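Q: I have a model open in my viewer and would like to learn how to read it. Could you take me through it feature by feature?

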Amino acid sequence: MLVSDPASDRAEALASELGGEAFVGNVALAEAADLVVLCHKPAQLAEVAAEIAAVGTPVVSILGSVTVAAIREAYGKTPAFRVLPNLPVEVARGVLCWPSSNGESAQATEIKQEFARLGRVVEVDEAQMEAAMAVSSNAPAFIALLIESLVDAGVRHGLAAGVAHELAVETLAGTAALLERREGDTLGVRRAVTSPGGSTARGLAALERHGLRSAVDAAVEAVLEGGAK
């Protein structure tokens, strides 16, 4: 892994962690790399392209709200692609949104296969990429807040923080695995847990009453309204 960053100490730290090499500038990195991953701010697209496009090394952008067409316009004849990963790539359980506008060339297929090592690659229509970002790339923060809320509630009712954390995180992981096995049948899972007039029914009613669905919808709407930063 070759790394370049304006803050050289950060680049060196990342290169050390990954067993790679830090470069002082983007041009030197592009000349040494087989593939350049663009991880800068969306507003820096033209600036970075002006530096490295002439080198011709293929680029893959992970920039939010920047289309494949915009990347290819900035990079001219340099092969350019887009993928939108989320944070769980850190543990090789990520979701990586792959816009169909990347095309189906041999090079695109090879790059897609490389990113598949980090999790599940899901092909998405370019027009839906921003919605996909809200549901996958932004969602780990939303889910972390939900877990934090469950832990806090458990602590308020007498659980030790460590126990509450373990219960909440393992329940989330188990429920995700169950939903995957049941092919996304969320209603079926809810019905399997909920008995008529029971504690789960009361809890679900409280979540509906306090606007869980509306809050989640508002969060996705806020992501879509914000655009690239």
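A: Gladly! Let us start with one helix and ask what its inward side meets. The model is predicted, and in it the buried residues of α6 pack against β5, β6, β7 (94-99), β8, α7 (139-156) and α11 (212-226).

Q: Which residues of α6 are buried?

A: Buried here means under 20% relative accessible area. In α6 that description fits Met-129, Ala-132, Met-133, Ala-134 and Ser-136.

Q: Now let me step back. How many helices and strands are there in the chain?

A: The chain has 11 helices and 8 strands. Its C-alpha trace spans about 65 × 35 × 30 Å along the principal axes. Of its 229 residues, 28% count as buried.

Q: What share of the contacts comes from residues 24 or more positions apart?

A: Among contacts with a separation of 6 or more, such residues account for 45%.

Q: Next, the nonpolar cores. Which members of the largest one touch the most other members?

A: A core is read by looking for buried nonpolar side chains that are joined to one another. The largest core here has 17 residues, and the ones touching the most other members are Val-36, Leu-38, Ile-52, Val-59, Ile-71 and Tyr-75. At least two residues each come from α2 (26-32), β3 (36-38), α3 (45-52) and α4 (68-75). The element that gives the most is α3, with 4 residues.

Q: What is Leu-38 in contact with, leaving aside its neighbours within four places in sequence?

A: Try selecting Leu-38 in your viewer. Its contacts are Val-48, Ile-52, Val-59, Val-60, Ser-61, Ile-62, Leu-63 and Tyr-75. Another core, of 9 residues, lies apart from the largest one, and among its members are Val-83, Leu-96, Ala-108 and Val-121.

Q: How do I read a pocket? Take the second largest pocket: how much space lies in it?

A: For a pocket, look at the space, then at the residues that line it. The second largest pocket holds about 2,000 Å³ of space. It is lined by 44 residues, and the closest to its centre are Leu-14, Val-37, Leu-38, Cys-39 and Ile-62. You have already met Leu-38 as a member of the largest core.

Q: Which elements supply the lining of the second largest pocket, and what classes of residue does the lining have?

A: At least two lining residues each come from β1 (2-4), α1 (8-18), α2, β3, α3, β6 (84-85), α5 (106-115) and α6 (129-137). The most come from α1, with 5 residues. By class, the lining has 26 nonpolar, 8 polar and 10 charged residues.

Q: Let us turn to charges. How many salt bridges does a search of the whole structure find?

A: The search finds 7. For each one, ask how far apart the partners are in sequence and whether they are buried or exposed. A good case is Glu-126 with Arg-82, whose closest N and O atoms are 2.8 Å apart. Glu-126 sits in the loop between β8 (119-124) and α6, while Arg-82 is in strand β5 (residues 80-82), so many positions away that the pair links distant parts of the chain, 44 residues apart.

Q: Why does Glu-126 count as buried?

A: Its relative accessibility is 19%, and the cut-off for buried is under 20%. Arg-82 is buried too, with a relative accessible area of 0%. Arg-82 and Glu-126 are also linked with Glu-130 in a network of salt bridges.

Q: What about the salt bridge of Glu-114 with Arg-117?

A: Here too the closest N and O atoms are 2.8 Å apart. Glu-114 is partly exposed, with a relative accessible area of 43%, and Arg-117 is exposed, at 64%.

Q: And where do the partners Glu-180 and Arg-120 lie?

A: Their side chains meet in a salt bridge at 2.6 Å, N to O. Glu-180 is in helix α8 (residues 161-181) and Arg-120 is in strand β8, so this pair ties together parts that are 60 residues apart in sequence. Glu-180 is partly exposed, at 44% relative accessible area, whereas Arg-120 is exposed, at 52%.

Q: To finish, a single residue. What does Arg-190 touch, not counting residues up to four places away in sequence?

A: Arg-190 touches Leu-204 and Arg-213. Its place is in helix α9 (residues 186-193), and with 36% relative accessible area Arg-190 is partly exposed. As a last check on distances, Arg-190 and Pro-99 are 91 residues apart in sequence and 32 Å apart in space, C-alpha to C-alpha.

Conventions: Residues numbered from 1 in each chain as written. Predicted model: local features only at pLDDT ≥ 70, side-chain atom pairs only at ≥ 80, totals over all residues. Heavy atoms only, no water. Core = buried A, V, L, I, M, F, W, Y, C linked by side-chain atoms within 4.5 Å. Buried < 20%, exposed > 50% of the residue type's maximum accessible area, 1.4 Å probe, protein only. Contact = heavy atoms within 4.5 Å. 1 Å grid on protein atoms, 1.4 Å probe; cavity = no way out; pocket = protein on both sides within 12 Å on 5 of 7 lines; lining within 4 Å. Points joined across faces, edges and corners; volume = space filled by probe spheres on them. Nonpolar A, V, L, I, M, F, W, Y, C, P; charged D, E, K, R; others polar. Salt bridge = Lys/Arg side-chain N within 4 Å of Asp/Glu carboxyl O.
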